[in-house]
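Got the viewer open? Let's walk through this one stop at a time, picking a selection and seeing what sits there.

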Amino acid sequence: MVIEVSSQEWFQKIAYLLELVALVAVGLLGLALIVQLGMELLAVVKLALAPVSDPGFYDFLNEVTSFFIIFEFIVMVIEALRNHGHISITMLMGLGLTALLRHLLAASNSNGIETMVEVGAIVLLTVGLAIYRRFIHDPDENFEKRI
C-alpha cells in the first residue's frame, strides 16, 4: 500500500516547517535582546550613579538611547511573533527615527554638514511616516490598539 502525498501538501508542510524555524529564530533573537537590554540597564545605572562630567554626560546619553533602541527591537520581535513574522512599516520607520535621533544627540564632535544631513534624514522619515499614516496606513495594523 503506497501513500501518495500531493505536491500541494508537500509544499504546505515545507512552508509550515520554515515558518516554525523562523518563529523560533525570532524568539531566540528576542531572548538575546532581553539579555542585552539588561546589560544596557546596568550600564545606565552605573553612569547615573557616577559623578557628573561633560564627557560622562555624553556616555550617559549614549547608553540611555541605546537602551531605548534595544527596547524598540524587543517590541518589534514581540510584534513579529504576534503577527506570524510580519512587521509593520511604522515600527521600522520609528526605529530608524530613534537611531538617527540617538546619533544626532550623542555625536559631540560632528561637523555642520553631517548634522544637516542627519536632520534632513529625520525630516524625510518624519514626513514619510506622516504621509504613510495619513493615506496608506491600515487601521487594523496599529500595534497600540491590540494591547
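Start by selecting Leu31: with a relative accessible area of 52%, Leu31 is exposed, where exposed means over 50%, buried under 20% and partly exposed in between (1.4 Å probe, protein chains only). Leu31 is found in helix α1; helices (H or I, at least four residues) and strands (E, at least two) are DSSP runs, numbered from the N terminus.

A quick word on ground rules. This is a predicted model, so local features need pLDDT of at least 70 and side-chain atom pairs count only at pLDDT 80 or more, while totals for chains, interfaces and linings use all residues. Residues are numbered from 1 along each chain as its sequence is written, and side-chain values use heavy atoms, with hydrogens and water left out.

**Stop 1: the patch around Leu31**

Now add Tyr16, Leu17, Leu20, Val21, Val24, Leu28 and Ile34 to Leu31: together they form a nonpolar patch on the surface, with about 810 Å² of accessible area. Such areas come from the Shrake-Rupley method with a 1.4 Å probe; for residues, only the protein chains shown count as cover. Patches take residues with over 30% relative accessible area and no salt bridge, joining like charges within 9 Å and nonpolar side chains (Val, Leu, Ile, Met, Phe, Trp, Tyr) within 5 Å. A salt bridge here is a side-chain nitrogen of Lys or Arg within 4 Å of a carboxyl oxygen of Asp or Glu.

**Stop 2: Ala32**

Click on Ala32, also found in helix α1. Is Ala32 buried or partly exposed? Its relative accessible area is 45%, so Ala32 counts as partly exposed. Draw a distance from the C-alpha of Ala32 to that of Ile74, and you get 9.4 Å, for two residues 42 apart along the chain.

**Stop 3: the largest core**

Ile74 leads inside. Select it with Leu33, Leu37, Val44, Phe67, Ile70 and Val77: these seven make up the largest nonpolar core, meaning buried Ala, Val, Leu, Ile, Met, Phe, Trp, Tyr and Cys residues joined through side-chain atoms within 4.5 Å. Helices α1 (7-49) and α2 (54-82) each give two or more residues to this core, and α2 has the largest share, four residues. Zoom in on Val77 and, leaving out residues up to four places away in sequence, you'll find that Val77 touches Val26, Leu29, Gly30 and Leu33; a contact is heavy atoms within 4.5 Å. Apart from this core lies another, of five residues, including Ile69, Val75, Met91 and Leu95.

**Stop 4: α3 and α4**

Met91 and Leu95 are also among the buried residues of α3, along with Thr90, Met93, Gly94, Leu97 and Thr98. Next, color α4 (residues 112-136): this helix has 25 residues and reaches 35 Å from first C-alpha to last, close to the 36 Å expected at 1.5 Å a residue, counting one less than its number of residues. Which residues of α4 are buried? They are Glu118, Ile122, Leu129 and Tyr132, and they pack against α3 (89-106). Glu118 counts as buried because its relative accessibility is 11%. Neighbours within four places aside, Glu118 is in contact with His103 and Leu104.

**Last stop: zoom out**

Show the whole chain: five helices and zero strands, with 22% of the 147 residues buried. About 10,600 Å² is exposed, and carbon and sulfur atoms supply 71% of that.
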